[in-house]
Amino acid sequence: MDIMQLMKWCRSYRRFDQSRAIPDVVLDNIMEAARLSNSASNRQQLRFLVVRSPEMVEKIFPFTHWAAVLPKEAGQPKDGEHPALFVVPTYEAAEKAKWTDVDIGIAEMRMTLAAAAEGVGSCILANIERGPMREALGLPESTEIATIVAFGYPTHTSRIVDMKDGDVKYYLDEKKDYCVPKRSREELFRMV
Ligand SMILES: Cc1cc2nc3c(=O)[nH]c(=O)nc-3n(C[C@H](O)[C@H](O)[C@H](O)COP(=O)(O)O)c2cc1C
């Protein structure tokens with residue numbers, strides 16, 4: 001895939017083939033992508049918890065909430081559709097800096113692109129129950145979680161559609177594939 005194809009493919013996926021584990025070589029790339037990520041002042045303050053064992057994945061899955069825009073539960077992965085892996089970026093609360101969230105976003109984007117290059121789908125999740133998740137992961141209260149990323153082999157497709165009347169809501173088509181409206185370039189960019 002060239003880089004622009006990769007950008008198109010690298011959407012949010014919410015149903016996975018749970019029986020397919022992420023191979024070590026792909027996980028290596030995901031971790032290396034985060035390691036080499038840009039960070040403010042090159043501080044590299046993030047630490048990443050890789051939740052890989054099926055038991056741990058199942059332990060934190062109930063604390064993740066998917067596709068809030070869709071009618072009730074339509075976007076929540078069902079049994080057998082759960083992700084194969086989560087990566088949980090963490091930082092120490094006392095060290096929270098102005099750009100910590102930007103660092104997290106960049107690292108997550110790099111990880112999702114590295115995964116996509118190997119056909120692995122992902123979903124960034126902010127709608128999580130941080131308290132119970134922290135406890136399930138054995139993290140102390142001083143350790144913060146912002147957003148996390150789920151990874152797995154997708155069992156649906158997702159395509160960009162033109163936005164109508166400014167409606168940003170993504171939806172499912174008749175095959176339950178995702179359709180994601182994006183604003184036009186004219187709306188987004190202004191040349192000066
Ligand atoms: C910071 C951030 C938080 C998100 N949180 C969630 C979430 O909690 N649950 C979910 O299903 N999707 C979540 N998403 C995915 C967005 O819904 C998705 O990016 C958006 O609908 C556009 O779809 P696309 O990623 O395929 O372009 C999040 C995305 C970002 C960037």
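## Exercises on a predicted protein chain

**Exercise 1.** Leaving aside neighbours within four places in sequence, find the residues in contact with Ser 122, then place Ser 122 in the fold.

*Solution.*
Step 1. Ser 122 is in contact with Arg 11, Ser 12, Tyr 13, Phe 16, Thr 112, Val 149, Ala 150 and Phe 151, once its neighbours within four places in sequence are set aside. Contact means heavy atoms within 4.5 Å.
Step 2. The model is predicted, so local features need pLDDT of at least 70 and side-chain atom pairs count only at pLDDT 80 or more, while totals for chains, interfaces and linings use all residues. Residues are numbered from 1 along each chain as its sequence is written, and side-chain values use heavy atoms, without hydrogens and water.
Step 3. Ser 122 belongs to strand 3. Helices (H or I, at least four residues) and strands (E, at least two) are DSSP runs numbered from the N terminus.
Step 4. The relative accessible area of Ser 122 is 4%, so Ser 122 is buried. Buried means under 20% relative accessible area, exposed over 50%, and partly exposed in between (1.4 Å probe, protein chains only).

**Exercise 2.** Describe the fold of the protein chain by its helices and strands, and check its radius of gyration against a compact globule.

*Solution.*
Step 1. Six helices and eight strands make up the count for the protein chain.
Step 2. Their order along the sequence is α-α-β-α-β-α-β-α-β-β-β-β-β-α.
Step 3. A compact globule of 192 residues would have a radius of gyration near 16 Å; the protein chain has 17 Å, so the two agree. The radius is taken over C-alpha atoms, and the globule rule is 2.2 Å times the number of residues to the power 0.38.
Step 4. The C-alpha trace spans about 50 × 45 × 30 Å along its principal axes.
Step 5. Of the 192 residues, 43% count as buried. Of the contacts between residues at least 6 apart in sequence, 75% join residues at least 24 apart.

**Exercise 3.** Which residues have the most contacts inside the largest nonpolar core, and which elements each supply at least two residues of this core?

*Solution.*
Step 1. The largest nonpolar core has 20 residues, and those with the most contacts inside it are Trp 66, Phe 86, Leu 125, Met 133, Leu 137, Ile 145 and Ile 148. Such a core is a set of buried Ala, Val, Leu, Ile, Met, Phe, Trp, Tyr and Cys residues joined through side-chain atoms within 4.5 Å.
Step 2. At least two residues of this core come from each of helix 3 (54–60), strand 2 (85–92), strand 3 (121–125), helix 5 (130–136) and strand 5 (148–152).
Step 3. A second, separate core has 14 residues, including Val 26, Met 111, Val 120 and Phe 151.
Step 4. Beyond four places in sequence, the residues touched by Trp 66 include Tyr 13, Phe 61, Pro 83, Phe 86, Cys 123, Leu 125 and Ala 150.
Step 5. Met 133 sits in helix 5. Its relative accessibility is 0%, so Met 133 counts as buried. With residues up to four places away not counted, Met 133 touches Ile 60, Phe 63, Thr 64, Ile 128, Ile 145 and Ile 148.

**Exercise 4.** Is Thr 90 buried or exposed, and which residues does Thr 90 touch beyond four places in sequence?

*Solution.*
Step 1. Thr 90 lies in strand 2.
Step 2. Thr 90 is buried because its relative accessible area is 8%.
Step 3. Not counting residues up to four places away in sequence, Thr 90 touches Gln 45, Leu 46, Arg 47, Leu 139, Thr 143, Glu 144 and Ile 145.

**Exercise 5.** Locate Pro 23 and Met 7, and give a C-alpha separation for each of them.

*Solution.*
Step 1. Pro 23 is in the loop between helix 1 (3–9) and helix 2 (24–35). Its relative accessible area is 32%, so Pro 23 is partly exposed.
Step 2. Arg 52 and Tyr 153 are in contact with Pro 23, leaving aside neighbours within four places in sequence.
Step 3. Pro 23 and Glu 118 are 95 residues apart along the chain, and their C-alpha atoms are separated by 10.0 Å.
Step 4. Met 7 is in helix 1 and counts as partly exposed because its relative accessibility is 37%.
Step 5. From C-alpha to C-alpha, Met 7 and Leu 113 are 7.6 Å apart in space, with their positions 106 residues apart in sequence.

**Exercise 6.** What is phi of Ser 41, and what is phi of Glu 73?

*Solution.*
Step 1. Phi of Ser 41 is near 55 degrees, a positive value in a residue other than glycine. Ser 41 is in the loop between helix 2 and strand 1 (47–51), and its relative accessible area of 66% is why Ser 41 is exposed.
Step 2. Phi of Glu 73 is near 70 degrees, also a positive value in a residue other than glycine. Glu 73 is in the loop between helix 3 and strand 2.
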